[in-house]
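I opened this entry to keep track of what I looked up, one topic at a time. Sheets come before helices, rings and single residues.

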Amino acid sequence: MTQNLARTAGELRAAGHLPRGVKTEIRENLLAALREGRNPWPGIVGFDRTVLPQLERALLAGHDVVLLGERGQGKTRLLRSLVSLLDEWTPVIEGSELGEHPLDPITPESKRRAAELGDDLPVVWRHRDERYAEKLATPDTSVGDLVGDVDPVKVAEGRSLGDPETIHYGMLPRAHRGIIAINELPDLAERIQVSLLNVMEERDIQVRGYTLRLPLDVLLVATANPEDYTNRGRIITPLKDRFGAEVRTHYPLEIEAEVDLVRQEADLVAEVGDHLLEIIARFVRHLRESSSIDQRSGVSARFAVAAAETVAASALRRSALIGETPAIARPVDLESVPDVLRGKLEFEAGEEGREEEVLVHLLRRSIADTARARLAGLNLRALAEVVSDGHPVATGDRVHAGDLLAALPELPILHEVAARLGAGPKDPVGRIASAVELALESLYLTRNLSKDNSSDDDRSVYG
């Protein structure tokens, strides 16, 4: 990719290349994408009218940014997508520790090499993926990790402590001409946060009592949870003041966005229909609104992703047990979600011992809401009457989709239900059974059918 690009500073200068700051680079690339109608945020779901316009304004203004939001709202994913706004390839001085521009060196060593070699200064090209650095803020993070420290090896070689070349640079200087992201910024000790002040305002670094003037060119972005301001830590006021923009993130505002997010992120080992993903999305929505759940901790989007993967795994297990292929999830597979994922939620203190009851209730509400929305206008009375009049239908981990359908006589309403949920007569039997089972569960939840769960072989019988 870089074989035809300049290999020396002289070639770079002859080609008319001019250095530009990383914030200018991001601004110009973002403007180009907006003008051309390209999506500068591939893979980001549910933020189109809220978060992304605010973030774009911040980047166009050249501001450092902190994303503030609950866990699992896609903050880190959003920060990592900033890489796509950098130039794909950028020239750097070969062998330079900080990846300096060949026409704009900043360290004493690179300046000396540039003076000695002139136009023969060797150039290499760095991909944009190498210009993004990410640090998870942990209590044991030190100033040396972020800014730098004196390198005892270099001192032992004979250099004096006052020599800038004795410094081992930290992550921030090494992110020169790139993006540095700090996750969970409030978790940094306050004395460590102080070390960022000069970097953000004066763009220099201070190490072990002396100041090294380095005109660092970085975009500093960070994430924080609102609860961190009062629980584990806080962002100190001077540091908050130095961030040009604070952007609030949120969970998906629409059911469709949550479904799209799950479909995009989940690694599904079996087919999971959109109606089942909608049930999961509504379930997560109910959890986020429930007074039984500690909303200060939030209900992460990872919960919805894990729920979809669990449902798919349940379908795959049934496929292996009874030889049903292909593996297609049915509403019965949703029963595995509360037991498996209960530990991912924080319940209010008064709900101790009622956790499973709360989850099962909200899951049933989600199934009923989805069936009501998806099957609106269909009269399911004929199906209810047939089942009640001597055609009980069994479902469970060891019930084949074909057996579920064979328990019912031919009914026009079954075809209508299947069509409404995206299953055609030539589709696999499991896809049709999944649609019919949702209709049966809907009739049970609206008290038009009974459901006997007392069978010894883990079967449930609608009757």
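I take two strands as paired if DSSP finds at least two bridges between them. The model I am reading is a predicted one.

**Entry 1: the five-strand sheet**

I looked up the strand order under that rule. The sheet is open, its five strands run E4-E7-E10-E1-E11, and the pairing is parallel. I then checked the edges. Strand E4 (132–136) and strand E11 (245–248) stand there with a single partner strand each, so one side of each has no neighbour in the sheet. I noted the twist as well: it averages 20° from one strand to the next.

**Entry 2: strand E10**

Which strands join E10, and over how many bridges? Strand E1 (residues 65–68) pairs with E10 in the parallel sense over four bridges. Strand E7 (residues 178–183) also runs parallel to E10, joined by five bridges.

I wrote down some of the facing residues. On the E1 side, valine 65 stands opposite valine 221 in E10. Glycine 178 stands opposite valine 218 in E10. Isoleucine 180 has leucine 220 of E10 as its bridge partner.

Next I asked whether E10 (residues 218–224) is buried or exposed. Seven of its seven residues are buried, so the strand is largely enclosed by the rest of the structure. Both faces are covered. One side carries Val218, Leu220, Ala222 and Ala224, and the other carries Leu219, Val221 and Thr223.

I also looked for helices on this sheet. H2 lies across E7 and E10, and runs at about 75° to E10. H3 lies across E1, E10 and E11, at about 170° to E11.

**Entry 3: the three-strand sheet**

I found an open sheet of three strands too, in the order E12-E14-E13, with antiparallel pairing. Its edges are strand E12 (393–396) and strand E13 (451–452). Each has a single partner strand, so one side of each is left without a neighbour in the sheet. E13 pairs with strand E14 (residues 459–462) in the antiparallel sense, over two bridges. There, aspartate 452 stands opposite valine 461 in E14. Helix H20 (residues 429–445) packs on this sheet and touches E12, E13 and E14. The direction of H20 makes about 70° with that of E14.

**Entry 4: rings**

How many aromatic pairs does the rule count? The count comes to one aromatic pair. The partners are phenylalanine 283 and phenylalanine 303. I logged 6.0 Å centre to centre and 55° between the planes, a tilted pair. The two residues are 20 apart and link distant parts of the chain. Phenylalanine 283 belongs to helix H13 (residues 274–289), phenylalanine 303 to helix H14 (residues 301–322).

I checked burial, for which the cut-off is under 20% relative accessible area. Phenylalanine 283 has 1% relative accessibility, so it counts as buried. Phenylalanine 303 has 3%, so it counts as buried too.

I also found a charge over a ring. Arginine 288 lies over the face of tyrosine 251, at 3.9 Å from the ring centre.

**Entry 5: helix H12**

I listed the buried residues of helix H12 (residues 255–265): Ile255, Ala257, Glu258, Val259, Leu261 and Val262. These buried residues pack against H13 and H14.

**Entry 6: isoleucine 44**

I picked out a loop residue. Isoleucine 44 is found between helix H2 (22–36) and helix H3 (51–60). Its relative accessibility is 12%, so isoleucine 44 counts as buried. Which residues does isoleucine 44 contact, leaving aside neighbours within four places in sequence? They are Leu52, Arg77, Leu78 and Ser81. I also took one distance: the C-alpha atoms of isoleucine 44 and alanine 320 are separated by 35 Å. These two residues are 276 apart along the chain.

**Entry 7: the whole chain**

I closed with totals. The protein chain has 20 helices and 14 strands. Of its 463 residues, 52% count as buried. Its C-alpha trace spans about 95 × 55 × 40 Å along the principal axes. The radius of gyration is 29 Å, where a compact globule of 463 residues would have one near 23 Å. Among contacts with a separation of 6 or more, 74% come from residues 24 or more positions apart.

Note on methods
Residues are numbered from 1 along each chain as its sequence is written. This is a predicted model: local features need pLDDT of at least 70, side-chain atom pairs count only at pLDDT 80 or more; totals for chains, interfaces and linings use all residues. Side-chain values use heavy atoms; hydrogens and water are left out. Contact means heavy atoms within 4.5 Å. Axes are lines fitted to C-alpha atoms, for helices over the stretch in contact, and angles run from 0 to 180 degrees between N-to-C directions. Rings of Phe, Tyr and Trp (its six-membered ring) pair if their centres lie within 6.5 Å; planes under 30 degrees apart count as stacked, over 60 as edge-to-face and the rest as tilted. Buried means under 20% relative accessible area, exposed over 50%, partly exposed in between (1.4 Å probe, protein chains only). A charge sits over a ring if NZ of Lys or CZ of Arg is within 6 Å of the ring centre and within 35 degrees of the ring normal. The radius of gyration is taken over C-alpha atoms; the globule rule is 2.2 Å times the number of residues to the power 0.38.
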